[in-house]
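Here are some notes to read alongside the structure, set out as numbered points. Please keep the view open while going through them.

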Amino acid sequence: LLCAAVLAVATASIGLMAAFALIFVPAWPAFLLAPSWRWTVVFAASLGVASYLAAFIVALWLDQPFGPIAVLSVLLCAICTGSLPATLLQRRFKGFR
């Protein structure tokens, strides 16, 4: 119930795509790179906060809406960790082994 309330408030304040990107995308590379669940939570939270702050600064600097910049920032942070392209390639070419 608490998660649903947080998602509803986040969706109302920053938009649907930005809210879901900030929730799901940082957890993806964190799950692949972290050695334990505790480090997965720490890594996902730090990646989310860093991408949120970067998106806020870029959105102010370029005078653009925050939602699309937040989605772009989260995806760029996930790609920079190196885990996002690796998982996409593994899933695409998994049948060729």
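**Notes on a predicted model**

1. In this predicted model, helix α4 (residues 37–62) packs against helix α5 (residues 66–80) at an angle of about 135°, and their axes lie 8 Å apart. That angle makes α4 oblique to α5, because only angles over 145 degrees count as roughly antiparallel and those from 65 to 115 as roughly perpendicular. The crossing of these two helices, α4 and α5, is right-handed.

2. The residues that meet at this crossing can be picked out on both sides: α4 brings L47, S51, Y52, A54, A55, F56, V58 and A59, while α5 brings F66, I69, A70, S73, V74 and C77. Sorted by class, the contact of α4 with α5 holds 12 nonpolar residues and two polar ones, with no charged residues.

3. Turning to the interior, the largest nonpolar core consists of 12 residues, namely A18, A21, L22, V25, A55, A59, F66, I69, A70, V71, V74 and A78. The elements that each supply two or more residues to this core are α2 (16–24), α4 and α5, and of these α5 gives the most, with six residues.

4. For the chain as a whole, there are six helices and zero strands, and the pattern read along the sequence is therefore written α-α-α-α-α-α. Of the 97 residues of the chain, 29% count as buried.

5. Finally, among the contacts in the chain with a separation of 6 or more, 46% are accounted for by residues 24 or more positions apart.

Note on methods
Residues are numbered from 1 along each chain as its sequence is written. This is a predicted model: local features need pLDDT of at least 70, side-chain atom pairs count only at pLDDT 80 or more; totals for chains, interfaces and linings use all residues. Side-chain values use heavy atoms; hydrogens and water are left out. Axes are lines fitted to C-alpha atoms, for helices over the stretch in contact, and angles run from 0 to 180 degrees between N-to-C directions. Helices (H or I, at least four residues) and strands (E, at least two) are DSSP runs, numbered from the N terminus. Angles under 35 degrees count as roughly parallel, over 145 as roughly antiparallel, 65 to 115 as roughly perpendicular and the rest as oblique. A crossing is left-handed if the near helix is turned anticlockwise from the far one by less than a right angle, and right-handed if clockwise. Contact means heavy atoms within 4.5 Å. Ala, Val, Leu, Ile, Met, Phe, Trp, Tyr, Cys and Pro count as nonpolar, Asp, Glu, Lys and Arg as charged, and the others, Gly among them, as polar. A nonpolar core is a set of buried Ala, Val, Leu, Ile, Met, Phe, Trp, Tyr and Cys residues joined through side-chain atoms within 4.5 Å. Buried means under 20% relative accessible area, exposed over 50%, partly exposed in between (1.4 Å probe, protein chains only).
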